[in-house]
Amino acid sequence: MIEALRKKAEELLKNKTVDVVYGYGEGSVPERTRPVFITKPEDVNKLTWNKYCVYNLTTYLKKQEARKLGKPAIVVKGCDAKTITVLIKESQLKREDIYIIGVTCTGIGDPPATKCEACDVNTPLIYDELIGEKIENKEFSFDERYAELDEYEKLSEKEKWEFWQKQFEKCIKCYACSSICPLCFCDRCIVDKNQPQWIDPSAHPRGNLSWNVTRAYHLAGRCINCEECQRVCPADIPLNLLNKKLAKETEKNFKYRSGYNADDELAMATYKEDDSEEIFK
Amino acid sequence: MTEENKFEPRIVAFLCNWCTYAGADLAGTGRKEYQANVRVIKLPCTGGIDPLFLIKAFERGADGILVSGCHPGDCHYNSGNYHARRRWNVYKPLLEFCGINPDRIQFSWISAAEGAKWVETINGVVDTVRALGPFENYQKLNTIGSDTSVSSETG
Amino acid sequence: MSKKIGVFVCHCGTNISATVDVEKVAEEAKKNNPGVSYTTTYKYMCSDPGQKLLRDKIKEEGLDGVVVAACSPKMHEHTFRNAAIKTGLNPYHVEISNLREQCSWVHPDKPTGTEKSIDLVRMMTEKTRKDKSLNPIKVPVTKRALVIGGGIAGIQAALDIADGGQEVIMVEREASIGGHMAQLSETFPTLDCSQCIMTPKMVEAAQHENITMHTWSEIESVDGYIGNFDVKIRKKARSVDLDLCTGCSSCWQVCPCKKIKSEFDMGMGNRTAIYIPFPQAIPSKPVIDRENCILFKDARKKNIKPNDSKVCRKCIDACPIAPVKAIDYNQVDEIVEEKVGAIIVATGYKELDDTSLYGEYGGGKYKDVITGLQFERLASASGPTEGAIKRPSDGKEPEIVVFIQCVGSRDPAKGCSYCSKTCCMYTAKHTMLFKHKVHHGHAFVFYIDIRCAGKGYEEFSQRAIEEEGATYLRGRVSRIYKKGEKLVVLGADTLTGSVVEIEADMVVLASAMKAQDDATKIAQAVYIQYDKDKFLSEIHPKLKPVESSSAGIFLAGTCQGPKDIPETVAQAGAAASKVLALLSADELEREPVVAKVDRSPPPVFSTCIGCFYCQKVCPYSAIESEDIKARDGSVIKTVARVNEGLCQGCGLCAATCRSKSVELAGFNDEQIYAEINALEFN
């Protein structure tokens, strides 16, 4: 697989199909990888692929430093590839401006990441070139997809509050969660708007709640469950639980799953006349 | 009187200009009495109510919030309330997931002709929130920092 | 720089002051609030002296923000803002605190009401502090109106506008203008012939130099906004060239398809496949009914162009126009684009025709149970019987006719809870028309209530009973069944408490006036609201009866709700006068409550990232994309921009924007934040 990957990257760079390949390179220790940006065909041997390729490289699509390198080819796993679908739907990217090198994946991380448990995109849904044997994507039921939430949803109101307060208390407002998130691409995050200052930017329990709730809400109908926010959080806040809860509500209420379909309307930018009336009196 | 009996819930209502605000006016014209715990903030449309407004109202000490606008299909702006409905359909479960009692955030459709429904709804919100008691959990968050500062100053 | 705010608390006589301590409210407004430099109370702020007080104090105290704590902003916001304008203060620095409708009138306990009032005033004061000057938006006006519908409402409105010197585009989906009024025999309460008063108006409209008429046409789409609508009209293929055709009648006389039920005659008579709907039709030029014409049927079957079918070419052969015939089988729909400044929707009603709803009246299986409009065609001199009352089943003259009122109306179980308003009167008229034509006949009327409010109406209905001998029975009909040639009508007379059984020759159902089947489609095409019965909604039931929920779009006639001819004509005239007023200006001023997307200095240019969620949620297509370009023309960033002319100020975009890069003027982020922040709960 690695050979095929390098060969493809070399070909793309040689033919000037792309100017740069965003991929994974070997890290300081075997259990780590790091993002690499290959611009010369002779450097393609720096590319690698293994189960430690955890990063969602699509986040570099929002970084000016990376974009300056020119038209990219990007190595994506199935989960990461969903981001590209969303970015295109949200006018952040044109399909023709990117070359997608999809890699088939059977799970990453050691121990494997939570998101890999009910993975239904072992083979990416969108790619220009597929590296690796195509894997028949599995199907999971609604309940299986959101099984992780069960134990938290079962908690009493008091327990929920206490659990989340304990989590949010740890937040140091470092904003690693939004920096890593490929879909947090606003030029000015709401937390940086100071006239008025809706969200207290200091690490205070009050502002921590509004920040974490708002961050999650701003990903409603958008988050593709790459779990990067949770992975990078230095305070170990299980941020993806919030994202997942919203994904569950979005799917339950609007039959919408982010990143799976290039053509359906963005869940939070549309409506149906028969959307649920349950909470309205 | 006991301490508990003294609790009067503080309710903030975000209302659309065309339906519920006018409905509340109609209740007034008809001199229909209701509990005075509500403070109304008027906006053109429920579709223009950002979830941040609700969070901010809790930060300012609200014990309960009502969001109310035109019935589906009747929006002055055609689809504002449909979009609002989507928004609250995901936002409310999120807050609930974080341990906020669902009765603290209520939603309704009240038309300009439904003065009586406004009275019934706002009384309902006040009563349910009164039963829940003050939203101490949230209000405590506000004071966490100030407590420390006070103690450090005096200590 | 902080503002100098004045707070004016109104007693409203005693409406506010009886349950709110207004002096205390004024005092508290100033306390701990350095921004409030002046407070006062006054008996009636809205009175002339009250407004003068406001103006004087703005000037004397140098106020640059005003809170009037009084009645609902819906009452006098306009009044106080106008007063501010006279002093040179921008009106959007004036805010209203609603102490009457939402406080003093609903909270009789004075301490409670006072406490709430203090909060409400503080919230509004804080909002006012953040108010910005806004200037009315000026938009140019296209001096031309569109009237949708060519019934009496549309014709009247079009004539009034045209007589006022403005151009009118009229769109009618049927082959002729005239609508339902052209179908009526006589009209109440004068019994003058409907066509005799209608057709001159039709001719006048057709010949008016300011009116352009599109019949057999429908509205395809409406874009734009008040003063500047872009309308697409679908001119359906008529198969006849209106410019060439002279309406000589040669074609329809030779048409072999003669047994097609005439829509104009409500199925009581027949027409040909190439036809004019009725003799006085305007334009008096035919249309080919492509569903029923054998040539078109043949072409569809063989999947060939209609003109290639040789099955029947009688009409084209008979057409005397040369060298190019006026009939064109291959004609296709054409889209015409027009620009207009105002629109009147006058799309009318339909008669309840779902007979299956009324199983107890035969559910449509008895030929001699007919509807009110069918009776009109029977009684009309231009109708299928030339005005002779003959029952449909055997053409015999009926002697006993039973009229049943409120069929569909006031019957929530069958879908309409409302009163159709015209049926009491037209039933009274029907009994008279019947009696005038069948002297020995007898009319029975089953009614629930007789509602004849209107000039000369009560007298008219009394005449039906007292002079023309109609028997009125208060009660419902439970069943109609056939017995030989007769229809047995089983009903109740609730005044005597007896069961009534009448052997009738014919039954006429006073069927409800319903919204057109596609009323919601029209409403959605022009962005206006409709009610639970699909009638189009006026924006205020009392004070703005002809204005729709969209600025620049007006309503006339029965599309808005059941009404009779005089009311329809009056409403059409009112709508026309609104349109004329609108078109009299070269430019319009609109409330500047519109959204705006952030623009910042370089290198940011705009905090908008161009995700265009705002564009997707905007109900008015008011969000456009704009390329921010560098000097060399390269695109730095593509961001959203609001078209102020289209924006209606709902704020949906502002609430959808994650980075809050869109804000709504008058309800901007800082204003709302200030209002929420003023909640002194903690």
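These are my notebook entries on a predicted model, covering a chain contact, a domain division and some backbone details.

**Contact between chains A and C.** I looked up the contact first and found that 15 residues from chain C and 17 residues from chain A take part in it. On the side of chain C that touches chain A, helix 16 (613-617) and helix 18 (669-677) of chain C each supply at least two residues. I then sorted that side of chain C by class, which gave 7 nonpolar, 3 polar and 5 charged residues.

**Domains of chain C.** I noted the division into domain 1 (5-129), domain 2 (144-236 + 338-348 + 516-587), domain 3 (250-332), domain 4 (350-515) and domain 5 (595-664). Between the C-alpha centres of domain 1 of chain C and domain 3 of chain C I recorded 70 Å.

**Cis peptide bonds.** I kept in mind that most peptide bonds are trans. Asp110(A) and Pro111(A) are joined by a cis bond with omega about 5°, and Pro111(A) sits in the loop between strand 5 (99-103) and strand 6 (129-131) of chain A. In chain C, a cis bond with omega about 0° joins Ala322(C) and Pro323(C), where Pro323(C) belongs to the loop between helix 10 (314-318) and strand 17 (334-340).

**Positive phi.** Tyr175(A), in the loop between helix 6 (157-169) and helix 7 (176-180) of chain A, has phi near 60°; I list this residue as partly exposed because 17 C-beta neighbours lie inside 10 Å. Asp236(A), in the loop between helix 9 (228-232) and helix 10 (239-254) of chain A, has phi near 55°, and I list Asp236(A) as exposed because 10 other C-beta atoms lie within 10 Å.

Definitions and conventions: Residues numbered from 1 in each chain as written. Chains lettered and ligands numbered in written order. Predicted model: local features only at pLDDT ≥ 70, side-chain atom pairs only at ≥ 80, totals over all residues. Contact = placed C-beta atoms within 7 Å. Helix = DSSP H or I, 4+ residues; strand = E, 2+ residues; numbered from the N terminus. Nonpolar A, V, L, I, M, F, W, Y, C, P; charged D, E, K, R; others polar. Domains from an automatic or database assignment. Buried ≥ 20, exposed ≤ 12 C-beta atoms within 10 Å, placed from the backbone.
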